[in-house]
Amino acid sequence: MVAVQYYLLLSGAIFCIGLFGILTRRNALFFLMSVELMLNAANINLVAFSFQYGNLTGQVFSLFITALAAAEVAVGIGIILVLYRNFGDVDVTKATTLRW
Amino acid sequence: MSVAEASTTAFAFEVAPAIAVLPLASFVIALFAGKYFPKKGALAGVTATGGSLLLSLWVMLTVAGGAYYNEEIYTLVSTPESFDLHFGVLLDPLSALMLVIVSLVSFLVHVFSLGYMNDEGERGLPRYYAGLGLFSFSMLAFVFADNLFMSFVFFELVGLCSWLLIGHWYREDAPPSAAKKAFLVTRFGDYFFLIGVVAVFATFGTATFAGSESFPVLAEEALTDGGAGGELSTFGLGAQTWFTVLGFLILGGVIGKSAQFPLHTWLPDAMEGPTPVSALIHAATMVAAGVYLVARMYGFYALSPTALAVIAFVGGFTALFAASMAVVKRDVKQVLAYSTISQYGYMMLGLGAGGYVAAVFHLMTHAFFKALLFLGAGAVIIAMHHRQDMWEMGGLREKLPVTYYTFLAGSLALAGIVPFAGFWSKDEVLYEALVHGLTDPLLLVAYLMGLIAVFFTGFYTFRMVLLTFHGEPRTHTARNPHLPGWNVKFPLVVLGILATVIGLTNMTPVAEATGLEIEFLHTWLEHGIEGLNSEHYGELLETVAGYSAAELSPLLAAALSLALALGGAGLAYSLYSGDRPDRHTDRLGDARTLLMNNYYQDEYQVWIAETFGTGVARLSDRFDQSIVDGAVNGVSSVSLFSGGRIRRIQTGIVSNYATLLTLGLVALLLVVGLTGGWFL
Amino acid sequence: MTTRPRLNLGSHLIPGLVALALFVVLALVFLTASFPAPQGFDGAPITPSIGYAMFDLAGGQIPSESFLIAFEIIDLVLIAALAAAVMLARREGDGKLVGIEEIRTDGGHSRDSTTDADADPDSGSDAEVTNDTDPNTATGSDTATPTGEEAN
């Protein structure tokens, strides 16, 4: 039996790697990938606690989250396309018109 | 009293507020719909003031039947523990008398305006009649006010209306300036009045005029019983001293409105307004408001001999001072303006000298004969095609007989020639001043000044009459005057009759000589609400103020003042009665220059205003600019500056926002974790 | 020719430290926390149970709630996301994308070099695409190739 702490640690590490990607990358496509990582970190959490409590809900929810991630990517890709059309670039630091 | 009678009595009082509301309605009609009416709102005004007159007469008859009315009708602010601000109606002999006077003069002025404004093709008539309506409304409401707060409100409204009406011809240079002056000078006095009202509330917790809980009664109890005085807060002063201070504060407003020295300077300038307005202001409304206020709260002033002495002295001085200036004026309206100041001086003298009835008597007779004189002057001005210089007139007697004879009646009344109205009232004022002055040197000086003013009054009155109506016409206009119509003659005739006979209601010297009971005004004012009649005031004057009347025959004083008035009139006759009178006042030399310039009153007041007023204004401006505005600007510049700095966080770059979010999450986790003991 | 991935160090990594800090905090919390022993599923079949639970069928051996409604909602969300993605990426009537002249394949790094490359068919090599930041490459493939090898 692996203690739940280690699952949490793994999940936290993957989440932070995804976060690291979002914070350091400028390409919007990398954003989508990083978000994918973060969602999977959450999935790990859900599965780990499903095992911890002997309840199936977490497992089912991780499936739902996978589906949601697909939806998110679809919309995200669409947004990136529009971004590209309007700014001629997928660099997120170029799109700075939504400020004062 | 039968039941039916009681119900009608109550009904007369129930509808009493309509006396003031009717002119208010005419104000609204004239203002918003005046231009659609054939007479531009005049008919609404005539109807409304006519209705007010009828209602006032009804109220007067009811009061004569021995019924009085003192009711709150609308409460503005009510605080359970301290005081309340309310509007109310107080109907007693004094206010009923004044209501009749005001509504009668107002009615006649409206009728006269038909001839003076409509027939002359003036513009802005709806505005004019709206102003007249509002003016009548304010004054009538002021008259039946049952407390000092309501008085103050309508006192101010009267001032506002005078501003509106004096500045009626606002396209010319002088009227707006005169209107502003009238407004500002009276406002200067009203500051003191306002402080006085607040102080009365702070001291007594009430400002009602009548009833057992009214402030004159409370003040009287504080002085006579001594015990009740401890409950009143007199701010560290003795009760009587403090009441004197209160009296002076309210007197500030009175002096401003009633044009007493030194705040009289607005009144001659107010002649720039239309002549009917001058009649209204001088005879019945604005200027009368001040004196009426003193009479209304006479029970309070009677407690303070110092305040009374000051009132008397200011009145006597003003009477003489203004009369001397009237001697040299060339403009017929200017002469009348100074005579108004002088006559109100007499009323103040009467009030200050303890002659409450005498002063009210003079207020009444003066209202009639001064309205008559102004309307007569208005008729002359119509005839002269709006020229007012008396040296351009002359010989109008044959052309304008009605105007001449009514004007002559008014002049005889003003000069105080027996048996016209002014003689009886002015004589009684002087008699009261004399009998009380024999024991009080200050009052005696005031009396002497008033007595000398009688001579001047006779002189300038007849100089005016002779220059205007007698001799040969001196200009082409005077040879071919414009003849006035019925609407000018009707008010003149009514007022002419009144000015002739109204004095007969109170012939004190005759009563004294014959022993007949014919002092009707004395009887009228003696009854009334308890504590609000002349009998009570007389007791107060003797017991609290320490006035004592010397035994003297009124016949003697009457003969003296009549002789002086006749002397003045005779001098005027001998100087100006020829076909081509000389300009005798030129021989006065420097004195004439001084008088023509009104003793340089305007100059020194402007100097005071410029020196002190500008200094204070500059100081307050500096305070406003640096401290008040500085604080406001400081706050705004701090937020502008910090906003300009902090907004740089908002780069618009998603990564930076993400970084900040993450930083916030880390900080939150650390805080929650440390306080929750997660790291242990 | 492709380039090998290189470690690109620089100041743009500084925000990443925040992510690291978050991990440190999380790790501290996790490691200091204590949990009871996991209950586990005792060897019960998990995957079939998920299937039963998701469609609200009897037969699952592991306790759970019913997820039929959630399943349908996710279905709707997916369809909506698909529609939204299609709408965002929609072309205009003449076959062009909304607001742009032509499709770019260089990741959008440089508009100028792309148009140059399109204008000159000979320069459309791999090296051309990877070295598009160098303006000299637009002159021809001969000069472009050594530059690309230099970059390697």
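## Exercises on a predicted three-chain model

Chain C has an accessible surface of about 10300 Å², and carbon and sulfur atoms own 60% of that. Keep in mind throughout that this is a predicted model.

### Exercise 1: Sketch chain C

Work out which secondary structure chain C has, and how much of the chain is buried.

**Solution.**
- Step 1. Count the elements: chain C holds six helices and zero strands.
- Step 2. Walk along the sequence, and the pattern reads α-α-α-α-α-α.
- Step 3. Check the cover. Of the 152 residues in chain C, 26% are buried.
- Step 4. Look at contacts between residues at least 6 apart in sequence: in chain C, 12% of them join residues at least 24 apart.

### Exercise 2: Do the same for chain B

Find the matching numbers for chain B: its elements, its buried share and its surface.

**Solution.**
- Step 1. Chain B comes out at 28 helices and two strands.
- Step 2. Buried residues account for 58% of its 680 residues.
- Step 3. For contacts in chain B with a separation of 6 or more, 79% are between residues 24 or more positions apart.
- Step 4. The accessible surface of chain B is about 26400 Å², with 66% of it on carbon and sulfur atoms.

### Exercise 3: The strand pair of chain B

How do β1 and β2 of chain B run, and how many bridges join them?

**Solution.**
- Step 1. Locate the partners: strand β1 covers residues 69-78 of chain B, and strand β2 covers residues 84-91.
- Step 2. The two run antiparallel, with eight bridges joining them.
- Step 3. For a landmark, pick B:V77, which sits opposite B:L85 in β2(B).
- Step 4. Now the cover: seven of the eight residues in β2(B) are buried.

### Exercise 4: From β2 to an enclosed helix

Which residue of helix α12 of chain B pairs with B:D92, and are the two partners buried or exposed?

**Solution.**
- Step 1. Start with the helix. All eleven of the eleven residues in α12(B), residues 286-296, are buried, so the rest of the structure largely encloses this helix. Among them are B:M286, B:Y292 and B:R296.
- Step 2. Find the pair: B:D92 makes a salt bridge with B:R296, and their closest N and O atoms are 2.7 Å apart.
- Step 3. Place both ends. B:D92 is in the loop between β2 and α4 of chain B and B:R296 is in helix α12, so the link spans 204 residues.
- Step 4. Test each end against the cut-off for buried, under 20% relative accessible area. B:D92 has 0% and is buried; B:R296 has 3% and is buried too.

### Exercise 5: Other salt bridges

How many salt bridges are there over all chains, and which parts of chain A does A:R26 help tie together?

**Solution.**
- Step 1. The whole structure has seven salt bridges.
- Step 2. One of them pairs the side chains of A:R26 and A:D91, at 3.1 Å from N to O.
- Step 3. A:R26 is in the loop between α1 and α2 of chain A, while A:D91 is in the segment after α3, so the pair ties together parts 65 residues apart in sequence.
- Step 4. Compare the ends: A:R26 is partly exposed at 46%, whereas A:D91 is buried at 12%.
- Step 5. Back in chain B, B:D269 forms a salt bridge with B:K181, with the closest N and O atoms 3.0 Å apart. B:D269 belongs to helix α10 and B:K181 to helix α7, 88 residues away.
- Step 6. Finish with the network: shared partners join B:E156, B:R187, B:D190 and B:K257 through salt bridges.

### Exercise 6: Where the chains meet

What area is buried between chain C and chain A, and what between chain A and chain B?

**Solution.**
- Step 1. Chain C and chain A bury about 3900 Å² between them, 75% of it on carbon and sulfur atoms. In chain C, the residues losing the most area to chain A are C:F30, C:F35 and C:L88, together 15% of what that side buries.
- Step 2. That contact takes 49 residues from chain C and 42 from chain A, with zero salt bridges.
- Step 3. Chain A and chain B bury about 920 Å², carbon and sulfur atoms giving 66%. Here eleven residues come from chain A and ten from chain B, and again the salt bridge count is zero.

How values were computed:
Residues are numbered from 1 along each chain as its sequence is written. Chains are lettered from A and ligands numbered from 1 in the order in which they are written. This is a predicted model: local features need pLDDT of at least 70, side-chain atom pairs count only at pLDDT 80 or more; totals for chains, interfaces and linings use all residues. Side-chain values use heavy atoms; hydrogens and water are left out. Buried means under 20% relative accessible area, exposed over 50%, partly exposed in between (1.4 Å probe, protein chains only). Helices (H or I, at least four residues) and strands (E, at least two) are DSSP runs, numbered from the N terminus. Two strands pair if DSSP finds at least two bridges between them. Contact means heavy atoms within 4.5 Å. Accessible areas come from the Shrake-Rupley method with a 1.4 Å probe; for residues, only the protein chains shown count as cover. Buried area is the accessible area (1.4 Å probe) that two parts lose on being put together, summed over both. A salt bridge is a side-chain nitrogen of Lys or Arg within 4 Å of a carboxyl oxygen of Asp or Glu.
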